[in-house]
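Subject: Structure handover and notes

Dear colleague,

I am passing on a structure that you have not worked with before, and I would be glad if you could read these notes beside it. The sequence and the structure come first, and my notes come after them.

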Amino acid sequence: MNKGLKDDVKKLTAKGDYDLLMEAKDSGETVRIYTVGNEKTVNNLVMFVEDGSEITFICLDGQIPRDKLEKVLAEQMN
């Protein structure tokens with residue numbers, strides 16, 4: 001199941017207009033965040049987390065101000 005989900009996310013982000021916003025690796029966990037939008041607004045966000053055999057997939061569809069999203073991500077990284 002996890003392999004299929006991982007492959008599906010790779011296909012989704014490869015064929016769409018997704019840009020890799022962030023990738024972080026720590027203690028065997030990899031977090032990737034992809035976005036679709038412009039310099040002011042994110043219209044779609046995909047977060048994909050791999051931690052060993054566990055996979056988390058989150059997809060948000062809507063309008064998010066890019067500056068606010070980047071601020072939240074920066075706060076979480078600190």
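The notes below deal with the core, one helix, the pairing of two strands, the salt bridges and two single residues.

Please bear in mind that this is a predicted model, in which local features need pLDDT of at least 70 and side-chain atom pairs count only at pLDDT 80 or more, while totals for chains, interfaces and linings use all residues. Residues are numbered from 1 along each chain as its sequence is written, and side-chain values use heavy atoms, with hydrogens and water left out.

I begin with the core. The largest nonpolar core (a set of buried Ala, Val, Leu, Ile, Met, Phe, Trp, Tyr and Cys residues joined through side-chain atoms within 4.5 Å) has nine residues, namely Met22, Ala24, Val31, Ile33, Val42, Leu45, Val49, Leu69 and Leu73. Two or more of these residues come from each of β1 (19–26), β2 (29–37), β3 (41–51) and α2 (66–77), and β3 gives the most, with three residues. Helices (H or I, at least four residues) and strands (E, at least two) are DSSP runs numbered from the N terminus. "Buried" stands for under 20% relative accessible area and "exposed" for over 50%, with "partly exposed" in between (1.4 Å probe, protein chains only). Within the core, Val31 touches Met22, Glu23, Ala24, Met47, Phe48 and Val49, when residues up to four places away in sequence are not counted; contact here means heavy atoms within 4.5 Å.

The helix α2 comes next. With 12 residues at 1.5 Å a residue, α2 should span 16 Å, and its end C-alpha atoms are indeed 16 Å apart, which agrees; the expected span is 1.5 Å times one less than the number of residues. Its buried residues fall within an arc of 65° when seen down the axis of α2, so they line one face of the helix, the arc being that of the directions from the helix axis to the C-beta atoms. Arg66, Leu69 and Leu73 are the buried residues in α2, whereas Asp67, Lys68 and Lys71 are exposed on the other side. The cover over the buried residues of α2 includes β1, β2, β3 and β4 (54–65).

Turning to the strands, β1 and β2 pair in the antiparallel sense over seven bridges, where pairing requires that DSSP finds at least two bridges between two strands. Met22 has Ile33 in β2 as its bridge partner. The hairpin of β1 and β2 has two residues between the strands, and Ser27 takes a positive phi near 50° in this hairpin.

How many salt bridges are there? The count comes to three, a salt bridge being a side-chain nitrogen of Lys or Arg within 4 Å of a carboxyl oxygen of Asp or Glu. In one of them, the side chains of Glu50 and Lys6 meet at 3.1 Å, N to O. Glu50 lies in strand β3 and Lys6 in helix α1 (residues 2–15), so this pair ties together parts that are 44 residues apart in sequence. Glu50 is buried at 16% relative accessible area, while Lys6 is partly exposed at 27%.

Another salt bridge joins the side chains of Glu23 and Arg32 (2.6 Å, N to O). Here Glu23 is partly exposed, with a relative accessible area of 41%, and Arg32 is buried, with 19%. Glu50 also forms a salt bridge with Arg32, their closest N and O atoms being 3.2 Å apart, and this pair links Glu50 in strand β3 with Arg32 in strand β2, distant parts of the chain that are 18 residues apart. Through shared partners, the salt bridges join Lys6, Glu23, Arg32 and Glu50 into one network.

Finally, two single residues. Leu20, in strand β1, is partly exposed at 47% relative accessibility, and, leaving aside neighbours within four places in sequence, Leu20 is in contact with Arg32, Ile33 and Tyr34. Thr13, in helix α1, is buried at 11% relative accessible area, and, with neighbours within four places in sequence again left aside, Thr13 is in contact with Tyr18 and Tyr34.

With kind regards
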